[in-house]
Amino acid sequence: MAAANDPKLMDRVVNLTKRRGLVFPSSDIYGGFRSTWDYGPLGVLLKRNVKDAWWRAMVQLRDDIVGLDAAILMAPKVWEASGHVATFTDPLVDCKHCKERFREDQLPASGACPNCGAKDSFTPARQFNLMFKTHVGPIEDDASVAYLRPETAQGIFVNFKNVQTATRKKPPFGIAQIGKSFRNEITPGNFVFRTREFEQMEMEYFVPPDQSAKWFEYWVNERYNWYRDLGIPADKLRIRPHDPDELSHYSIGTSDIEFRYPWGWGELEGIAQRTDFDLTQHAKFSGEDLSYYDQENDERYIPYVIEPAAGADRATLAFLLSAYDEDEAPTGEGKVEKRTVLRLDPRLAPISAAVLPLSKNEKLTPLAQEIAGSLRPHFFIDVDLAGAIGRRYRRQDEVGTPLCVTIDFESLDDNAVTIRERDSMSQERVPIDQLVPELHTRLGF
Ligand code: ATP
């Protein structure tokens, strides 16, 4: 509705997330730590649902993809082989006037400093490596340098042989991983869109070289449809093929799935044809043979790789922005009032159903707790006892709870409760002993 074109949409979403415990600035009581964020009680549920939806689509529902959880700290040679030590850099410039730092490739065409407006005030660009360096063990010398991984992908490549041998999977097959990555971004910002610590959801799909183009197209479509299926509207989602001069050193073809954020189109996920670059490099640097022997055709080859690489934080933000809406709802006094509603897909909503006794009463409260207890093994449930029922509906609407289960005095006699739907606000009476199957049906899982 109107909210989609609201110039204040970003502010409203950021405020809502802080107020309702979805996302807090990190180290808040110390004034925050620029560019890092903490997911609060509801945010951790939302982000977990996003990751679970990815894992379900990529691993659980398929027999050609297996999972992995590799370490964040890896042998430093990994990053030499992958090209990160030499080339994982952004061009950094300083404004000589106000001393702010910028990425040269993100400066406005006018050439004016985005901070102070000075013209032609930039230093020549220096290449700045985005990897966080640390030291392993007590001695801080060159020999003990290690890096926090800037992507999860390399943990998959270095385990290719282990996983293939253990699972006896044959190309085409994939390895999926969700985990933290770290990049010392020059200009973090736009809330959780660009941070220095973030979570990735990456899958490396190993294919016979002559099938690379076919699988690339397949994965671009699959991943686009995943976002659509979970509620991102078509006019906020696009596929953007990279220009040849934009391609990373390892890629012969990349398409980004982009979301229309309030500040413009931005990458949600990149799908790349990485050829045999990674396995060849790791074979060279490690001395291990990382080829695959295809028994049926009696041939040995290094698999090509298709990589859909998504960000859990950017996806969570895109789902939040797509879901945010404002409309009108009836009040107890027969008037209408503005309501804020997150129209999240039920699979993503932090709370699946809220159990609300109509009033704080010595009979209704225990019944509400009993019903909540019977639902908890199946769904994420909240119980809210305090305040007028209309206020409590509003509180659930604004965090996207798809269903409310209301218990009133009649419930004590007829063993039935009212289910109220977030989007239509329609209400229907349902027997208590039918609640579990009824909620399964209405939530769709
Ligand atoms: P960008 O061009 O926006 O810096 P990228 O092309 O470097 O992104 P990839 O290396 O393709 O990003 O990483 C895959 C995904 O990881 C991105 O699509 C994004 O969702 C996520 N991601 C990358 N960098 C960040 C970051 N600094 N903060 C949050 N998410 C990120």
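Start by selecting glycine 287: this residue sits just after helix H8 and takes a positive phi of about 80 degrees. Keep in mind throughout that you are looking at a predicted model.

**Back into H8**

Now step back into H8 and select Phe277, Asp278, Leu279, Gln281, His282 and Ala283, which are buried. What lies over them? The cover includes helix H3 (77–81), H5, H6, E10 and strand E13 (264–275), so color those elements before you zoom in.

Stay in helix H8 and center on histidine 282. With a relative accessible area of 6%, histidine 282 falls under the 20% limit and therefore counts as buried. Which residues does histidine 282 touch, leaving aside those up to four places away in sequence? Show Val78, Ala81, Ser82, Gln154, Phe157, Val158, Gly287 and Leu290 as sticks, and you have the list. Your starting point, Gly287, is among them.

**Over to H6**

Next, select helix H6, residues 160–167. Here Phe160, Val163 and Gln164 are buried. Turn the view until you look down the axis of H6: the buried residues fall within an arc of 95 degrees, so they line one face of the helix. Swing round to the other side of H6, and you will find Asn162, Thr165 and Ala166 exposed.

To see what the buried residues of H6 pack against, select strand E3 (65–68), helix H5 (153–157), strand E9 (173–182), strand E10 (197–207), helix H8 (277–286) and strand E14 (292–294). So H8, which you have just visited, is one of the partners of H6. Before leaving, click on arginine 168, which follows H6 and has a positive phi, near 55 degrees.

**A tyrosine in E8**

Go to strand E8, residues 145–147, and pick tyrosine 147. Is tyrosine 147 buried or exposed? Its relative accessibility is 11%, so it counts as buried. Add isoleucine 72 to the selection: the two are 75 residues apart in sequence, yet their C-alpha atoms lie 8.6 Å apart in space. Beyond residues up to four places away in sequence, tyrosine 147 touches Ile72, Leu73, Pro76, Trp79, Val85, Met131, Phe132 and Lys133.

**Two helix pairs**

For the last stops, bring up helices two at a time. Two packed helices are described by the angle between their axes and the distance between the axes.

First, show helix H2 (residues 41–60) with helix H7 (residues 212–229); they pack at an angle of about 140 degrees, and their axes are 12 Å apart. That angle makes H2 oblique to H7. The crossing of H2 and H7 is right-handed. For the side chains at the contact, select Val50, Ala53, Trp54, Ala57 and Met58 in H2, which meet Trp219, Arg223 and Trp226 in H7. By class, this contact has 7 nonpolar, no polar and 1 charged residues.

Then switch to helix H10 (residues 364–375) and helix H13 (residues 435–443), whose axes come within 10 Å and cross at roughly 60 degrees. H10 is therefore oblique to H13. This crossing, of H10 and H13, is right-handed. On the H10 side, pick Ile371, Ser374 and Leu375; they meet Leu435, Val436 and Leu439 in H13. How many residues of each class are in the contact of H10 with H13? There are 5 nonpolar, 1 polar and no charged residues.

Definitions and conventions:
Residues numbered from 1 in each chain as written. Predicted model: local features only at pLDDT ≥ 70, side-chain atom pairs only at ≥ 80, totals over all residues. Heavy atoms only, no water. Axes fitted to C-alpha atoms, helices over the stretch in contact; angles between N-to-C directions. Helix = DSSP H or I, 4+ residues; strand = E, 2+ residues; numbered from the N terminus. Parallel < 35°, antiparallel > 145°, perpendicular 65-115°, else oblique. Left-handed = near helix turned anticlockwise from the far one by under 90°. Contact = heavy atoms within 4.5 Å. Nonpolar A, V, L, I, M, F, W, Y, C, P; charged D, E, K, R; others polar. Buried < 20%, exposed > 50% of the residue type's maximum accessible area, 1.4 Å probe, protein only. Arc of directions from axis to C-beta.
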